[in-house]
Amino acid sequence: MPGPAVCAGSAAIVDRMKTLVIAEKPSVARDLAAVLPGTFDNQESYLESEDTVITFAVGHLVELTDPEDYDERFKKWRMADLPIVPEEFRLRPRDKKAEKQLKVIHKLLRRDDIDRVVNACDAGREGELIFAYIYETSGVDKPVERLWISSLTKTAIKEGFEHLRPGEQLRQLEAAARSRSEADWLVGMNATRAATIRGRAWVGGVVSLGRVQTPTLALLVKREREIQAFVPEPYWLVHAEFDPRYQGLWFEGDETRLKDAKRADEIAAKVSGADGVVESVERKEQSERAPLLYDLTSLQRDANRRFGFSARRTLQAAQSLYEDKKAITYPRTSSRWLSGDLVPQLKPTAATLEPIGEYAAAARYVVGLQQLPLARVVNDSKVDDHHAIIPTDVEHDVSRFSPDERRVFDLIARRFLAVFHPPARYARTTIVTLVEEERFRTRGKVTLEPGWRGVYGLESEADKQARQDEDQENESAELPALEQGQAVKCAKAEVEAKETRPPPRYSEATLLSAMETAGKLIDDEELREAMKESGLGTPATRAETIETLIRREYIERAGKDLTPTPKGLQVITMLEEHPLTSPELTGNWEKRLTDIEHGEDDRSAFIKDIEDFTRATVEKIADLDKEKLRPERVELGPCPRCGAVTGEIIKENSKAYGCTSWKSREEPGCGFVIWKRVAGRTLTPELARQLLEEGRTKEVVSGFRSRAGKPFRARLVLNEEGKVEFDFPARTQSKEAAVAE
């Protein structure tokens, strides 16, 4: 890399100039020093050689200042002072520790022997902002170049320093980063103050709102309301067993459900023991292509589905694989494609996986290909800051990986190898059997060529999802050889009673998908790709958005599900129909930030629109009808203790589901109550209703925590005294059922 180096001391003559490199983290600074020429002396907060000084931030050292730093009067939260819109945003150190490191970097930037600066923060929007704020607060004006790399291998670092980009090339990325930061400040700071002032009496405490967190919360609340409003409807399925041995499901047109139990029984009785005929046999060959390579969001989704990992846990493992183990490329990417210049590295990368037993066969196949199939792998137009996440082309010592790192690496390695394998091919058979003018459908599937699925040795995610569908017909791998017109006999037919189910609660996997598409339900991964620029937040920020909602007690984890708390429900109720709750609006803002990044939108116009939106938001919150602020309170039915005599009911309040006979401590009424918080999780109205109506929850409930903080699952039971107890599943039956506090 560099040229001239240094001289120290204020009075000394500068005879050798140096380059200052600013990394985002200490570990990255050490990685850079290991590659750059020269011997580096390790100082307290930087490393120095004859030609180069390397220092580091520790994430964000600088942040936008609070309102009270602009004017003392903003220390008090008053609606009359809102909105607060600074003419020019000010910056300050994030905390004392950040201030100490910031002073070190500023001192280095101001040294007379430093004539050149390299921004080596993470190559993305946030890395650009970290450097921009540090550089701005230093007050210096020295040439800046940009290190832009997608992995921390020695080869990538060396090539990155050989091809440094002029700082000017990243001005639009910096503009987008500043715009995002200022927009979040304007909307979050003003909306939070306005909502807190207006809703303090009903919500309690600070009502934190934000440009991304509030529409994300609105998605969860909307789903929860759909679940609470859902009224299950009974329906019936008719299953038949035929001789020769195969099964079928009754259908009529596209419908397999019968709404009338009597008709279902009549069909079963009519066909049982009757002769039938194979009306049709349809055999089709189908193929399934390998899924696209991972970006961060799709990696987080899969890790949540397969391992139950939170989005943050997956990101932490991926970041460690990138920074510490040098095993994967930059994880905070939104692209699922590779750029053309990576093609020569693809076979060498596959070769690094060959020594690892479980990948050996798949890696040998890829290395042995004369020509790699690149149609679904390489697309320069779909690679922006960073390409898809793939393994690096260095030796991988998986024994050094933590269990989390090993699982995440396994997903990335298998996906990388799978994408170069041919499609999986199946033979699907559909048989329609006619018995007494009633039709039964039978489906079978045989794998002809495993193709890419052989890399996994398991069924695809699409098949898993299909199996989970409540009415999915069993797809048998083995069906008897049947021909059209063949006579068969219905050995027996049985009726299965079922109920429609409410929509499922969001898991982190499905919430990440919803955030990626601004709440639109899109299953097709290539259509979802087209929606990315209009999603909620970015791949790098979505995990933290979910964690922020949990920290602020707006949502909570219940096993794999995410559920809004009463406080979260109330916040969205208060803002009902306000554009701040709209995923589409925030998705549009995210699209504009991307356009600013590409030079296709104007930063000042975007901020002006955000300021106007902020003013309108404050006005709307200030004018909220008091009735809108009152919490939603559900009624669950008659009180089991006194309802039959007094007509009192069980109604929700802020902390419990209790009998309306309670008036005060002096007039406690019958005293029946089911507390909302049980062993660390909130009981939904749905669970409370099951306890009241049936004395127990229908299924085992997840998301509880013991006093020691360990997660557990149990069925809830209402005992004779009206107290909630735990009924543990059989495998934990040795534990005594504990009475919930």
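1. A679 is found in the loop between β23 (677–678) and β24 (681–682). This is a predicted model. Phi of A679 is near 50 degrees, a positive value in a residue other than glycine. The relative accessible area of A679 is 25%. Partly exposed covers the range between 20% and 50%, so A679 counts as partly exposed.

2. E436 also deserves a look. Phi of E436 is near 50 degrees, and here too the residue with the positive value is not a glycine. E436 sits in the loop between β13 (424–435) and β14 (438–449). With 42% relative accessibility, E436 is classed as partly exposed.

3. Check the proline at P83. The peptide bond leading from L82 into P83 is cis. Omega for this bond is near 0 degrees. P83 belongs to the loop between β5 (62–64) and β6 (91–93).

4. Then turn to P244. The bond from D243 to P244 is cis, and its omega is near 10 degrees. P244 lies in the loop that runs between β10 (234–243) and β11 (246–251). D243 is thus the residue before the cis bond.

5. Next, a helix pair. Helix α14 spans residues 508–516 and helix α16 spans residues 539–551. Their axes come within 11 Å. They cross at roughly 120 degrees. An angle over 115 but not over 145 degrees is neither roughly perpendicular nor roughly antiparallel, so α14 and α16 are oblique to each other. The crossing of α14 and α16 is right-handed.

6. Which residues in α14 meet α16? From α14 come E508, L511, L512, M515 and E516. From α16 come R542, T545 and I546. By class, this contact has 4 nonpolar, 1 polar and 3 charged residues.

7. Last, a sheet. 3 strands form an open sheet, in the order β25-β26-β27. The pairing is antiparallel. β25 (701–705) and β27 (724–727) stand at the edges. Each has a single partner strand, so one side of each lacks a neighbour in the sheet. From one strand to the next, the twist averages 60 degrees.

8. How many bridges join β26 to β27? There are 4, and the two strands run antiparallel. Strand β26 covers residues 711–718. R715 has D727 in β27 as its bridge partner.

Terms used:
Residues are numbered from 1 along each chain as its sequence is written. This is a predicted model: local features need pLDDT of at least 70, side-chain atom pairs count only at pLDDT 80 or more; totals for chains, interfaces and linings use all residues. Side-chain values use heavy atoms; hydrogens and water are left out. Axes are lines fitted to C-alpha atoms, for helices over the stretch in contact, and angles run from 0 to 180 degrees between N-to-C directions. Angles under 35 degrees count as roughly parallel, over 145 as roughly antiparallel, 65 to 115 as roughly perpendicular and the rest as oblique. A crossing is left-handed if the near helix is turned anticlockwise from the far one by less than a right angle, and right-handed if clockwise. Contact means heavy atoms within 4.5 Å. Ala, Val, Leu, Ile, Met, Phe, Trp, Tyr, Cys and Pro count as nonpolar, Asp, Glu, Lys and Arg as charged, and the others, Gly among them, as polar. Buried means under 20% relative accessible area, exposed over 50%, partly exposed in between (1.4 Å probe, protein chains only). Two strands pair if DSSP finds at least two bridges between them.
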